[in-house]
Amino acid sequence: RAASTAEQNEKAPPLPSASPLGPNPNPSPNPNPWPGPGEPEPEREPDTMSSFMAAIGLGFNVNKAKPALQMCVSRLNININKKTNQVKAKRREVGMLLREQKEEKARIRVEAVIREDFTIEAYEILALLCELLTERIRLVDAKEECPPDLMEAVCTLIWATDRAEISELEVIRSQFRKKYGAEFVKDAQDNIGSCVNDRVVVKLGVNPPSALLVEAYLREIAKEYGVEWAPPEAELADIETLATQAAPAPTGYSVAGNAHEEEIQALRRAAAEPTPPPAAAPGMGAADDRGDFGPRLPPKMGGPPATATAATATTMGTQTSSTAPAAPTVPTVPVVPTAPAGGDAKPAA
């Protein structure tokens with residue numbers, strides 16, 4: 001069979017070739033596959049491989065991406081309303097703290113209020129980008145590369161997937177990964193080339209708000225709830241520093257101390273000071289080396305003898321007396337006159 005086919009091909013007349021003298025009788029369907037500038041692009045056959053990959057769930061699927069974008073808009077609006085109510089409650093709490101003169105605690109709580117306001121603003125921007133992609137989803141499906149006018153919207157949604165509390169963004173990122181590849185998604189997550197919306201980057205970032213913004217929020221909340229509060233003059237001295245740096249850490253100056261702290265400190269100071277010796281009472285002697293204070297003792301030799309006083313106590317009709325023993329007395333020796341020499345001694349009278 002192969003030999004007969006070869007013989008038939010040899011017997012067949014050769015096809016006419018293109019000649020410069022006349023047109024080619026068998027022109028190709030696409031004589032110029034690379035059109036020059038100004039020439040229309042030739043019609044291309046539909047990408048059957050992309051359609052097949054999308055049909056089996058391995059490629060970009062419009063029927064999954066568009067509903068995910070619509071559900072993302074609804075979820076964003078729900079979270080915006082929820083966070084708006086939370087902000088109102090937190091602002092009321094900050095106003096109460098300012099009224100109670102707990103300024104440092106109010107500064108910490110107002111940072112949470114600022115964070116919620118930033119998140120609400122970022123969610124509103126994400127909702128707008130989702131609505132834009134919903135309307136142009138057919139353009140995304142038709143182009144192999146990301147259109148330039150949709151580059152920021154696509155990159156912003158991919159970047160915000162890990163930072164926003166919206167589960168539908170994960171489905172959208174998965175569809176863009178299937179459409180443009182894993183490298184495109186990685187560059188969008190790292191914000192290569194600043195392709196992400198600048199406001200979304202700031203509002204969903206992790207940097208704390210500036211000290212100047214904290215002061216502005218505190219002043220606004222105090223005015224809203226009728227609290228007389230003004231920032232310290234030292235903080236308003238350098239506006240540029242407040243605008244570029246975060247609020248300083250609390251030092252505890254607004255925390256009320258113990259009510260008896262001053263009394264305790266006074267007692268500690270009194271205990272640390274040396275106390276002078278007490279003055280001697282009337283009729284009392286000076287203190288000896290041992291620190292005893294008692295009645296002055298008589299001298300050892302001479303002077304009148306010291307006698308103890310008697311104390312009498314009467315109890316229940318019975319009288320008892322106790323007398324302290326008297327000190328021993330020195331006996332008096334009589335003096336005998338001596339007789340003159342040569343005479344008889346006279347007896348003492």
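**Exercise 1. Placing Val214**

In which helix is Val214 found? Determine also whether Val214 is buried or exposed, and list its contacts beyond neighbours in sequence.

*Solution.* The structure is a predicted model.

Step 1. Val214 belongs to helix α10, which covers residues 211-224.

Step 2. The relative accessibility of Val214 is 0%. Buried means under 20%, so Val214 counts as buried.

Step 3. Once neighbours within four places in sequence are set aside, Val214 is in contact with Arg107, Val110, Glu111, Ile114 and Pro209.

Step 4. The C-alpha atoms of Val214 and Ala246 are 8.7 Å apart, although 32 residues separate the two in sequence.

**Exercise 2. Two helix pairs**

Classify the packing of α3 with α10 and of α7 with α8, and describe the residues that form each contact.

*Solution.*

Step 1. Helix α3 (residues 62-99) crosses helix α10 at roughly 85 degrees, and their axes come within 9 Å. Angles of 65 to 115 degrees count as roughly perpendicular, so α3 is roughly perpendicular to α10.

Step 2. On the α3 side, the contact involves Arg91, Val94, Gly95 and Leu98. On the α10 side, Tyr217, Leu218, Glu220, Ile221, Ala222 and Glu224 take part. Sorted by class, this contact has 6 nonpolar, 1 polar and 3 charged residues.

Step 3. Helix α7 (residues 168-180) packs against helix α8 (residues 182-189) at an angle of about 130 degrees, with the axes 7 Å apart. This geometry makes α7 oblique to α8.

Step 4. From α7 the contact draws on Arg173, Phe176, Arg177 and Tyr180, and from α8 on Ala182, Phe184, Val185 and Gln189. These residues divide into 5 nonpolar, 1 polar and 2 charged.

**Exercise 3. The surroundings of α6**

Establish how many residues of α6 are buried, and which elements are included in what covers them.

*Solution.*

Step 1. Helix α6 spans residues 151-160. Of its 10 residues, 8 are buried, so α6 is largely enclosed by the rest of the structure.

Step 2. The buried residues of α6 are Ala153, Val154, Cys155, Thr156, Leu157, Ile158, Trp159 and Ala160.

Step 3. Their cover includes α3, α4 (103-135), α7, α8 and α9.

**Exercise 4. Three loop residues**

Locate Arg163, Asn191 and Ser194, and state how accessible each residue is.

*Solution.*

Step 1. Arg163 sits in the loop between α6 and α7. With 39% relative accessibility, Arg163 counts as partly exposed. Apart from neighbours within four places in sequence, Arg163 is in contact with Gln189 and Leu204. The C-alpha atoms of Arg163 and Gly205 are 8.3 Å apart, with these positions 42 residues apart along the chain.

Step 2. Asn191 lies in the loop between α8 and α9 (198-203). Its phi is near 55 degrees, a positive value in a residue other than glycine. At 23% relative accessibility, Asn191 counts as partly exposed.

Step 3. Ser194 is also in the loop between α8 and α9. Its phi is positive, about 55 degrees, although Ser194 is not a glycine. Ser194 counts as exposed, at 56% relative accessibility.

**Exercise 5. The chain as a whole, and its confidence**

Summarise the secondary structure of the chain, its surface and its contacts, then identify the elements with the lowest and highest confidence.

*Solution.*

Step 1. The chain contains 12 helices and 2 strands. In order from the N terminus, the elements run α-α-α-α-α-α-α-α-α-α-α-α-β-β.

Step 2. The chain has 349 residues, of which 26% are buried. Its accessible surface comes to about 25,800 Å², and 56% of that area belongs to carbon and sulfur atoms.

Step 3. Of the contacts between residues at least 6 apart in sequence, 71% join residues at least 24 apart.

Step 4. The mean pLDDT of the chain is 75, and 54% of the residues score at least 70. Confidence is highest in helix α6, at a mean of 96, and lowest in strand β1 (residues 311-315), at 43.

Step 5. The pLDDT is below 50 over residues 286-290, a stretch with 3 contacts in the model beyond near neighbours in sequence. Residues 306-324 also have a pLDDT below 50, and this stretch has 14 such contacts. Where pLDDT is low, the predicted coordinates should not be read in detail.

Conventions. Residues are numbered from 1 along each chain as its sequence is written. This is a predicted model: local features need pLDDT of at least 70, side-chain atom pairs count only at pLDDT 80 or more; totals for chains, interfaces and linings use all residues. Side-chain values use heavy atoms; hydrogens and water are left out. Axes are lines fitted to C-alpha atoms, for helices over the stretch in contact, and angles run from 0 to 180 degrees between N-to-C directions. Helices (H or I, at least four residues) and strands (E, at least two) are DSSP runs, numbered from the N terminus. Angles under 35 degrees count as roughly parallel, over 145 as roughly antiparallel, 65 to 115 as roughly perpendicular and the rest as oblique. Contact means heavy atoms within 4.5 Å. Ala, Val, Leu, Ile, Met, Phe, Trp, Tyr, Cys and Pro count as nonpolar, Asp, Glu, Lys and Arg as charged, and the others, Gly among them, as polar. Buried means under 20% relative accessible area, exposed over 50%, partly exposed in between (1.4 Å probe, protein chains only). Accessible areas come from the Shrake-Rupley method with a 1.4 Å probe; for residues, only the protein chains shown count as cover. pLDDT is the predictor's confidence in each residue, from 0 to 100.
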